[in-house]
Amino acid sequence: MSGLGSDAARRLRSNPAAVFALYVMFAMVALALLGPWLNPNSIEALDWLHVAARPGMQSAHWFGTDRLGRDLFVRTLAGARVSLSVGLVASVCSLVVGLSYGAIAGYSGGRTDHLMMRILEILSGLPLIFFVILLTVVFGRSEYLLFFSIGAVGWLTMARIVRGQTMSIRRREFIEAAVASGASAGRIIVKHVIPNVIGPVIVYATLSVPQIILFESFLSFLGLGIQEPHASLGTLIAEGAGEMESAPWILLVPGGFLALLLLCLNIFGDGLRDALDVKEG
Amino acid sequence: MTPTLSIEDLSVSFSQRDASLEAVQRVSLAIAPAECVGIIGESGSGKTQVFMAAMGLLASNALARGSIRFEGGELLHADAAALNRVRGSKLTMIFQDPMTSLAPHLCIGTQLAEVLVCHSGLSWRDAWSSAGRMLERVRVPDPKRRLHQYPHELSGGMRQRVVIGMSLMCEPRLVIADEPTTALDVTIQAQLIELLRIMRGEFGMALVLISHDLGVVAGLADRILVMYAGRIVECASAQELFRHARHPYTAEMLKCIPRLSGPRLARLPTIAGQPPRPGELLEGCAFAPRCPLAQDRCRTERPLLSNAGDSSVACHFPLPR
Amino acid sequence: MNDALLRVRNLSVDFGGHAALSDVSFELYAGETLGLVGESGSGKSTLARAILRLLRAAHGSVEWFGQDLLTCAAPVLRALRRDLQIVFQDPLASLNPRMTVGDTIAEPLRIFEPGLNGHARQLRVAAMLERVGLTPAMAARYPHEFSGGQCQRIGIARAMILSPKLLICDEPVSSLDMSIQGQIVNLLLDLQRDAGTAMLFISHNLAVVRHLSHRVLVMYSGRLVEIAAPDALFASSVHPYTKALLAAVPASVPAAGHAAAPAALVERFAAAPPASGCAFRDRCPYAVAVCETTVPPLAEVVAGHWVACHRSHEALIPLSFPP
């Protein structure tokens with residue numbers, strides 16, 4: 001993006017925790033993507049011979065099986081694929097929508113900003129679960145609905161952050177210079193405002209992915225999201241919760257995977273914030 | 001007589017990423033008691049860093065070598081306790097922007113009194129009345145009332161008077177003024193310089209006046225040091241410097257000052273090129289790329305400060321008297 | 001006599017109750033360099049921004065080629081900006097830290113000459129960089145890699161690339177080293193001469209303004225107090241504030257022991273000026289009763305020499321230095 005981006009990259013590289021977290025995340029994503037090739041078991045196949053089997057590298061099922069005999073390794077990785085894709089798509093959507101909304105509101109100021117913020121506040125005040133349930137009732141369950149409802153939440157805080165950042169740079173001299181050069185408001189927002197607020201925004205986006213994944217898990221846990229036989233980490237955890245006493249690995253495998261993923265995302269996000277935080281120039 | 005401040009072979013470098021920036025290179029100077037020394041330099045000259053080193057205010061990535069002695073006691077590498085015995089009371093500093101050097105949430109009286117309470121152990125009541133007296137001495141009108149006011153209620157010039165007052169509360173031996181009038185209007189500048197002159201007369205302390213503006217320093221300094229790219233390039237009495245500058249940089253700088261009298265010029269005088277960025281390493285004389293009199297020797301061999309009477313100049317071909 | 005290029009009438013700007021500019025009126029002619037001097041609080045930067053509608057004026061008009069810049073429609077104003085450019089005081093802050101220098105200079109081309117293809121644009125930017133004393137290779141670098149003087153050259157390149165009819169310079173050299181101030185001023189003069197641009201040069205440095213202006217405006221506390229040609233202003237100023245300003249400038253050739261004599265001006269305690277009458281009256285040694293009640297109007301005392309002082313018709317004794 002700029003000479004400053006490479007500066008930040010260097011600082012990030014010198015942060016061992018963040019780098020380690022990044023590698024672990026890559027490994028987890030690679031595992032999730034390559035899973036089907038590593039283990040031929042299908043996510044639906046029921047192995048009646050090995051119901052609720054313990055995990056073991058020698059057995060056919062590395063991470064054990066669940067109450068129905070389905071292989072946990074494959075299911076966990078499939079669930080991870082779903083959770084990650086939800087996290088990615090939803091955070092990109094909320095980034096795009098929140099960035100545009102916040103930048104326009106922050107730059108315009110005055111009545112436009114006032115109106116846009118009131119709309120934002122009203123939307124923030126709506127009880128989200130209620131909304132999601134309503135939509136599920138109307139449109140039926142689907143993955144697209146899931147993405148939409150999560151995205152519908154994520155952009156609100158993003159817009160607030162972007163608006164705040166925009167307002168703090170609106171009065172800076174290079175923005176005045178752009179106005180004086182005859183640039184239109186649209187051009188200023190795209191070429192001058194957004195590149196200069198993107199730092200904190202990216203950090204927030206990174207740190208909000210865990211929240212999104214958790215929210216999806218929550219919705220799925222409630223039965224509003226991913227449905228059988230597909231799995232997400234959330235649904236797997238829901239199943240595992242029921243078997244905690246007798247077959248704890250059914251909970252621990254997807255739970256552990258999720259916890260590790262969220263931990264790495266948080267560490268990486270913190271490292272990113274530190275790397276981008278140093279005052280440029 | 002022991003000099004009040006004696007700096008020997010001071011070098012300050014800042015470590016950044018893979019390189020280290022040399023901001024000050026082997027500077028030595030001595031300030032006699034009650035003497036006023038002007039330090040002239042532009043950006044990258046290192047003039048501020050020399051005295052930040054003396055005050056122990058260098059940034060955390062700074063590395064200082066050499067020796068700085070204040071009234072015989074070593075300051076460089078002294079611990080915080082030793083520094084605090086001297087800083088703020090006997091060795092004080094005035095900064096450029098009074099708005100940021102005064103605490104916005106404390107009234108003026110408190111800030112002045114605090115100096116005495118901390119350093120001289122006076123009671124608040126005694127310190128408060130001393131504060132009122134100091135405001136009178138720095139010519140702030142209606143001092144009793146002003147003690148209760150806050151910095152934002154004062155004009156820039158008045159704030160700077162308060163700052164000067166704070167620096168004088170404990171009757172220092174040396175006051176370092178770093179660009180004290182740069183942030184002020186020109187109609188106020190002259191009055192602040194006049195105040196410094198009067199204070200010097202009344203308190204008898206030594207004064208270091210750091211500035212980029214020769215005119216500001218002209219009226220007050222006994223002796224002037226000119227710095228360029230981390231080194232001292234000329235040192236002479238104020239009379240000598242303005243009449244017969246020996247270093248080409250000083251001479252060119254004097255020509256650059258736009259005149260209010262004399263013929264109007266179509267083009268302003270200037271020195272070609274720009275001052276080296278802080279830490280830029282140069283072979284030979286740092287000023288050679290810009291010097292109208294530079295010769296081959298200047299580009300390869302760095303000139304050392306050599307004495308000629310009471311003045312010294314670091315140049316292979318100093319201007320004749 | 002040229003027709004005025006820019007005609008400012010009764011321009012006033014209010015910052016939450018405090019009048020930053022009050023009733024400022026003047027004209028600027030084609031190809032002329034108009035110097036504007038004043039200290040902090042004089043309103044000179046506010047004036048620059050108000051003329052370009054970078055901030056909102058409370059009332060007044062700015063006539064430019066038959067349009068009032070303050071009330072014309074936004075698209076009309078944007079189109080007119082091609083010929084109205086500004087160079088700012090803080091060179092680094094006026095450049096977008098995330099844009100290369102080349103893109104910054106090319107922006108006016110992108111806005112006003114969209115038909116230009118990338119290659120042609122690059123050539124124009126390269127030519128402009130050379131014109132301001134930099135090298136074309138610098139186009140790919142970022143502002144933080146340059147010194148203050150170089151950043152200012154970049155700002156000037158951006159402002160002049162379309163050869164505007166008016167260039168406003170808001171303290172363009174105040175934050176630069178003395179040895180290079182002259183370089184930037186000379187560069188501005190060269191570019192101005194080549195393009196025939198009129199210039200409004202704002203500065204607190206009287207000596208610089210003296211050398212390059214055809215006429216000088218002096219501002220105090222949001223109002224114009226004196227307008228004159230440089231020789232008249234510097235040799236025989238009339239307004240007490242101008243006299244004090246001239247007296248305060250350090251001596252033309254610094255001589256040891258001769259500090260600039262402090263102006264015989266009362267230094268104001270608080271930052272706010274008096275509420276009624278002439279804003280200068282609490283510091284003016286010549287103030288009389290009428291100064292307290294009425295704001296003095298700007299009146300022509302001699303052809304081309306305007307002063308806003310109730311006592312301008314009297315031959316006032318020049319301010320004397322205190323003992």
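# Strands, helices and contacts in a three-chain model

Guide: In chain B, strand β9 (residues 223–228) and strand β10 (residues 231–237) run antiparallel and are joined by six bridges. This is a predicted model, in which local features need pLDDT of at least 70 and side-chain atom pairs count only at pLDDT 80 or more, while totals for chains, interfaces and linings use all residues. Residues are numbered from 1 along each chain as its sequence is written, with chains lettered from A and ligands numbered from 1 in the order in which they are written.

Visitor: What makes β9(B) and β10(B) a pair?

Guide: Two strands pair if DSSP finds at least two bridges between them; β9(B) and β10(B) have six, so they qualify. One facing couple is Met227(B) and Ile232(B) of β10(B). The two strands form a hairpin with two residues between them, and Ala229(B) in the turn has a positive phi of about 50°.

Visitor: Which sense of pairing, parallel or antiparallel, joins β3(B) and β9(B)?

Guide: Parallel, over four bridges. Gly38(B) has Ile224(B) of β9(B) as its bridge partner.

Visitor: Why is β9(B) called mostly covered?

Guide: A residue is buried with 20 or more other C-beta atoms within 10 Å of its own, exposed with 12 or fewer, and partly exposed in between, with C-beta atoms placed from the backbone. Six of the six residues of β9(B) are buried. Arg223(B), Leu225(B) and Met227(B) point one way, Ile224(B), Val226(B) and Tyr228(B) the other way, and all are buried. In a regular strand the side chains alternate between the two faces of the sheet.

Visitor: What makes β2 and β5 of chain C edge strands?

Guide: The open sheet has four strands in the order β2-β1-β4-β5 (chain C), with antiparallel pairing. β2 (18–29) and β5 (67–68) of chain C are the edges, as each pairs on one side only. Even β5(C) counts as a strand, because a DSSP run of E needs at least two residues (a helix, H or I, at least four), with numbering from the N terminus. Strand β1 (residues 4–15) of chain C pairs with β2(C) over eight bridges, and there Leu11(C) has Val24(C) as its partner.

Visitor: How do you know that helix α1 of chain C packs on the sheet?

Guide: Helix α1 (residues 44–51) of chain C touches β1, β2 and β4 (59–64) of chain C; contact is called when two C-beta atoms, placed from the backbone, lie within 7 Å. The direction of α1(C) makes about 65° with that of β2(C), on axes fitted to C-alpha atoms (for helices over the stretch in contact), with angles from 0 to 180 degrees between N-to-C directions. Seven of the eight residues of α1(C) are buried, among them Leu47(C), Ala50(C) and Ile51(C). After the helix comes Arg53(C), with a positive phi near 55°.

Visitor: Why is the crossing of α3(A) and α8(A) called right-handed?

Guide: A crossing is right-handed if the near helix is turned clockwise from the far one by less than a right angle, and left-handed if anticlockwise; α3(A) passes α8(A) in the right-handed way. The axes of α3 (residues 72–108) and α8 (residues 185–221) of chain A come within 7 Å and cross at roughly 145°. Their contact has 17 nonpolar, five polar and one charged residue. Nonpolar means Ala, Val, Leu, Ile, Met, Phe, Trp, Tyr, Cys or Pro, charged means Asp, Glu, Lys or Arg, and the others, Gly among them, are polar.

Visitor: What is the distance between the centres of the two domains of chain B?

Guide: An automatic or database assignment sets the domain bounds, giving domain 1 (1–82 + 222–257 + 270–321) and domain 2 (99–212) of chain B. Their C-alpha centres are 28 Å apart. In contact are 18 residues of domain 1 and 14 residues of domain 2 of chain B. On the domain 1 side, β3(B) gives the most, with five residues, and the classes are 10 nonpolar, four polar and four charged.

Visitor: Which pair of chains has the most contacts?

Guide: Chains B and C, among the two pairs that touch. Chains A and B do not touch, and their nearest C-alpha atoms are 10 Å apart. Between chains A and C, the contact takes 19 residues from A and 24 residues from C. α7(A) gives the most to the chain A side, with six residues, and that side has seven nonpolar, eight polar and four charged residues.
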